Amino acid sequence: KQHPAVDVRDGTKPPPQIQVHALDTPGVEDTKGEDDEHIQNIIDAVINLGSLSALVMVTKCGCPITPAWKEQILRYWRQFPMMQAQWIFVHTAADPYAKNNPQRRKTSSFEAACANRVEVVTEAMQDLSKDKSFTAAHVFVECDVEDEEVLEAVLAKKQNNFFALIANFVAVRIDSLPFQKGPRLLEIDAGLLASLEAIIQASTETLVEVKSSLGRLLELKNKHAAETEHNRQKLLAVEMELRQIDHDGEVQNVQYFDETWGLFSYPKADIRLTSRHVIYTISVIDTTGYDNQYLQVESETATPMDEGTQLIEMTLVTPHLFTSMSGKVVVASKSRDVYAERVHILKDQHRELAHTLEEELAAQKLEEDLLGIRQEEEQHTMRRHKIAGEMRDFIKTPWTCDVYRAMRPFYDQVKACKSLDEISNQDLLRKFQRVWLDNVPDATDLEAKDVVDVI
């Protein structure tokens, strides 16, 4: 159940209780090869919920950052792009007393070990996300408390910290998500596409050789497709970039703080953040999880920068004895404001590209209509070419979960084989086309639905 973020400067108190709906998801790299089914089920569950507040990645302290770990993280990173600012890493087996690592007591500390782990994970995330400013919340827990009162208190504090973080994230509405195919499905698709491209090329070459009117038309269509492909891809890239930045969602700069209390001093934190735009909001979020609100803003200044942004400097303090402080400061601006200049350029490019593409298609259609096709045999070959092209485009187009669910019987059949070498190209295409025609509403409505049309 979502609660509004609590900004300590408003003087409001956090809710005494929160209700958390958690989806416990399996990892990818499944030993049974069911990654795609797991992702499908996860997407269905998320859409059914309607919104998400956070993505929580659980990782064990000391486990190395392997290529397999990065692959798992990257798949969730790409599957949920709208959640990339709301990740939490929970590090288990934190071992505050260093029971399993006595050497650490002599050479380091629990705090230093936590800081090192945060640095390692952050560097890995910045590398795979290609975002050098990536940051996330980190919570370290140790459940093996063995009736140790101090360890139980530490665990309770971290649990409060964890739920306070979740409660202060803003829920992201999710109505639909694309289905990201895994390595096994992409391998099968590659085999299908290779066969379909060969069919398209062979049907074109055959008709060109006999100098038929259909051959000339197909050659012309292929030429036109190549001519417009560049502008189509540019237009698609512009539309995708506009969807990513032309909205009122927040672009945030975040700084987390976590300071322990001292015997003779109150905990303090110095914050230094730069806004992404001249128009911005600042939120100071307390994530300690205490019943009472102690965190205060001792001082705050905003200095204009040359590029039109603001440098915000703050000093936070908890003027209460034996009380730690932890939380985050968020400086947020609307994405549409931050990228206003880029949005203007992209919209101009979109208008120009759409107009150019429209003119190209009109001219090409006129040229193609002049040829005309009459012979039945040539029409049959044309159907082969058309249906193969539609199947190829269908495979290349991003899928929803509903589309994958409709096509899953085909993939289940193929994945039952140890390798693609056990299936001939003809059988692979027949199996695919049969499921495609029977289950996908957008499949071709050509009269001839015999699978030999594409063999």
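**Cavities and core**

Two cavities of 30 Å³ or more are found in the structure, which here is a predicted model. Let's visit each of them and then turn to the nonpolar core.

Start with the largest cavity, which holds about 50 Å³ of space. Around it you will find Pro96, Phe110, Phe140, Val141, Glu142, Leu151, Val154, Leu155 and Lys158. Helix H5, spanning residues 149–167, supplies the largest share of this lining, with four residues. Sorted by class, the lining has seven nonpolar residues and two charged ones, with no polar residue.

Now move along the chain to the second largest cavity, with a volume of about 30 Å³. Its lining is made up of Asp286, Thr288, Tyr290, Tyr294, Leu295, Thr318, Ser324 and Met325. Here the classes come out as four nonpolar, three polar and one charged. So polar residues are part of this lining, three in number, while the lining of the largest cavity has none.

The last stop is the core. In soluble globular proteins, nonpolar side chains tend to be buried together. In this model, the largest nonpolar core has 54 residues. Helix H6, residues 183–209, contributes the most to this core, giving seven residues. If you would like places to centre your view, the residues with the most contacts inside the core are Phe80, Trp87, Phe89, Met125, Phe410, Tyr411 and Phe432.

Phe80 makes a good close-up. Leaving aside residues up to four places away in sequence, Phe80 touches Ile42, Val46, Leu52, Leu55 and Leu177.

How values were computed
Residues are numbered from 1 along each chain as its sequence is written. This is a predicted model: local features need pLDDT of at least 70, side-chain atom pairs count only at pLDDT 80 or more; totals for chains, interfaces and linings use all residues. Side-chain values use heavy atoms; hydrogens and water are left out. A nonpolar core is a set of buried Ala, Val, Leu, Ile, Met, Phe, Trp, Tyr and Cys residues joined through side-chain atoms within 4.5 Å. Buried means under 20% relative accessible area, exposed over 50%, partly exposed in between (1.4 Å probe, protein chains only). Helices (H or I, at least four residues) and strands (E, at least two) are DSSP runs, numbered from the N terminus. Contact means heavy atoms within 4.5 Å. On a 1 Å grid over the protein atoms alone, a cavity is a set of points where a 1.4 Å probe fits but cannot get out, and a pocket is an open set with protein on both sides within 12 Å along at least five of seven lines; lining residues have an atom within 4 Å of a point. Grid points are joined across faces, edges and corners, and a volume is the space filled by probe spheres set on the points. Ala, Val, Leu, Ile, Met, Phe, Trp, Tyr, Cys and Pro count as nonpolar, Asp, Glu, Lys and Arg as charged, and the others, Gly among them, as polar.
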